[in-house]
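Dear colleague,

Please find below the structure that I am handing over to you. The notes after it set out what was found.

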Amino acid sequence: MRYLMLLIIMLLLILSKKDTKRKKIYIFSSMIILILYSTFRNYIGFDVCVGNDYNSYVNMFNNIENSKIFNSGFAFNMLLLILKALTNNFISVTFFTSTLLICSVYFVSTKVFDGDNDYIWSIFIFISFGIYDLSMSAIRQWIAGSLFLISFKYIKEKKLTKYILLILLASSFHTSAIFLLLVYPFVNMKCSKKKKVIITIIATMVLFVILQNRLELYIISLIDYSYYIRYINLLDLPKSNFTCFIISLFYLMAVFYFYKKGLNKKKYINLKIDYLLMFCCLSLASTQSPFCNRFMQYFMPALMFITPDLIAMIYNNEKNNKLVYKYRYLLTVGVVVFFLLIYIM
């Protein structure tokens, strides 16, 4: 069923490119299918990903009146309380959270970068790279993640106050989002790409020292002690493997190879590269810490942003990359097959 869903979504998005008169109808239809699929995932059956924490959220919803509302993630607790009073049905939660996430992804893919992105590739990566499936487990975190995606509008427009307010709202749903305040200064730092790479390497080394000495426990306890208690229980869980790091590193090498061959002409490419750098750093750190593994999820959409630029550059740059241009169709098929294999596994 999940593969059929992906096929239908891709067909609708391809049709939106072919039939420009009905473009909005096709895009909207694909968005609705994703929302409905996620909302009713517990009732579809077959091989649908329900989410590891689905039942935990159902129990939280059913007992929200007995919970401490102004505990960690108080905004999420308030949301559950309101939806429980209005509907008394957990489907209202999955509908709200699914709609927020899908709309934010489509908003970023079709609006934020002013057509700079090919939204077909962005949506394909969103589903096949596992971000969509992750959102079905980490429901609360991906409310924060949705707000973070929307905040890229303010990063792009350099509206710091609005960015801070949106991230603070995101952190009221999931405390980990407070660290996203560091994204804005890093992206808007005025220095060369080489210096940013050096800064990223140094930051990764510092992060490793922190993780090796468990200093993150102290930092987390200062910000949210209840989250610290939950995090302690996660320390023995399996950490991330090197898959995301290898993929992000490969993307990073491809970006720097193509940067002066045409990729640097893309309007918002520097912002996307900075986002990819952070993803690369955190994907490596996530192999050492379950907290970084969870936090890394905020940066997985970096591939949604950068893939369309790389593909477009290959297709439109025959002069500087004759060999790459010659085998462009094979490369495209290779990218599709690679992410489909990730999706299947």
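The following paragraphs deal with open and enclosed space, with aromatic rings, and with one residue in a helix.

Please bear in mind throughout that this is a predicted model.

I begin with the second largest pocket, which holds about 640 Å³ of space. Its lining is made up of 23 residues, and those nearest the centre of the pocket are L182, L207, C281, L282 and F295. Two or more lining residues come from each of the helices α12 (183–187), α13 (193–212), α14 (215–223), α17 (269–285) and α18 (290–295). Of these, α13 contributes the most, namely seven residues. By class, the lining of this pocket comprises 21 nonpolar residues, one polar residue and one charged residue.

As to enclosed space, two cavities of 30 Å³ or more were found in a search of the whole structure. The volume of the largest cavity is about 80 Å³. The residues around the largest cavity are S38, R41, T97, S98, L101, S135, M136, I139 and W142. At least two lining residues are supplied by each of α6 (91–112), α8 (131–137) and α9, and α6 has the largest share, with three. The lining of the largest cavity divides into four nonpolar residues, four polar residues and one charged residue.

I turn now to the aromatic rings. A pair of rings is described by how far apart the centres are and by the angle of the planes. The count for this model is 23 aromatic pairs. One of them is formed by Y275 and F305, whose ring centres are 5.3 Å apart and whose planes are at 35°, a tilted arrangement. This pair connects distant parts of the chain, since Y275 belongs to helix α17 and F305 to helix α19 (residues 302–315), with the two positions 30 residues apart. Are these two residues buried or exposed? Y275 counts as buried because its relative accessibility is 0%, and F305 is likewise buried, with a relative accessible area of 0%.

F338 and F339 form an edge-to-face pair, at 5.3 Å centre to centre and 80° between the planes. F338 is partly exposed, with a relative accessible area of 39%, whereas F339 counts as buried at 1% relative accessibility.

Ring pairs also join F148, F152, F179, Y275, F295, Y298, F299 and F305 into a cluster. Two members of this cluster have been named above in the tilted pair, Y275 and F305, and F295 appeared among the residues nearest the centre of the second largest pocket.

Charged side chains lie over ring faces as well. R2 is placed over the face of Y343, at 4.0 Å from the ring centre. K196 lies over the face of F186, at 5.2 Å from the ring centre.

Finally, I draw your attention to I143, which is found in helix α9 (residues 139–150). I143 has a relative accessible area of 2% and is therefore buried, the limit being under 20%. Which residues does I143 touch, not counting residues up to four places away in sequence? The contacts of I143 are F76, L79, T97, L100 and F173; T97 is also among the residues that line the largest cavity. The C-alpha atoms of I143 and S171 are separated by 9.6 Å, with the two residues 28 residues apart along the chain.

With kind regards

Methods: Residues numbered from 1 in each chain as written. Predicted model: local features only at pLDDT ≥ 70, side-chain atom pairs only at ≥ 80, totals over all residues. Heavy atoms only, no water. 1 Å grid on protein atoms, 1.4 Å probe; cavity = no way out; pocket = protein on both sides within 12 Å on 5 of 7 lines; lining within 4 Å. Points joined across faces, edges and corners; volume = space filled by probe spheres on them. Helix = DSSP H or I, 4+ residues; strand = E, 2+ residues; numbered from the N terminus. Nonpolar A, V, L, I, M, F, W, Y, C, P; charged D, E, K, R; others polar. Phe/Tyr/Trp six-rings, centres within 6.5 Å; stacked < 30°, edge-to-face > 60°. Buried < 20%, exposed > 50% of the residue type's maximum accessible area, 1.4 Å probe, protein only. Lys NZ or Arg CZ within 6 Å of the ring centre and 35° of its normal. Contact = heavy atoms within 4.5 Å.
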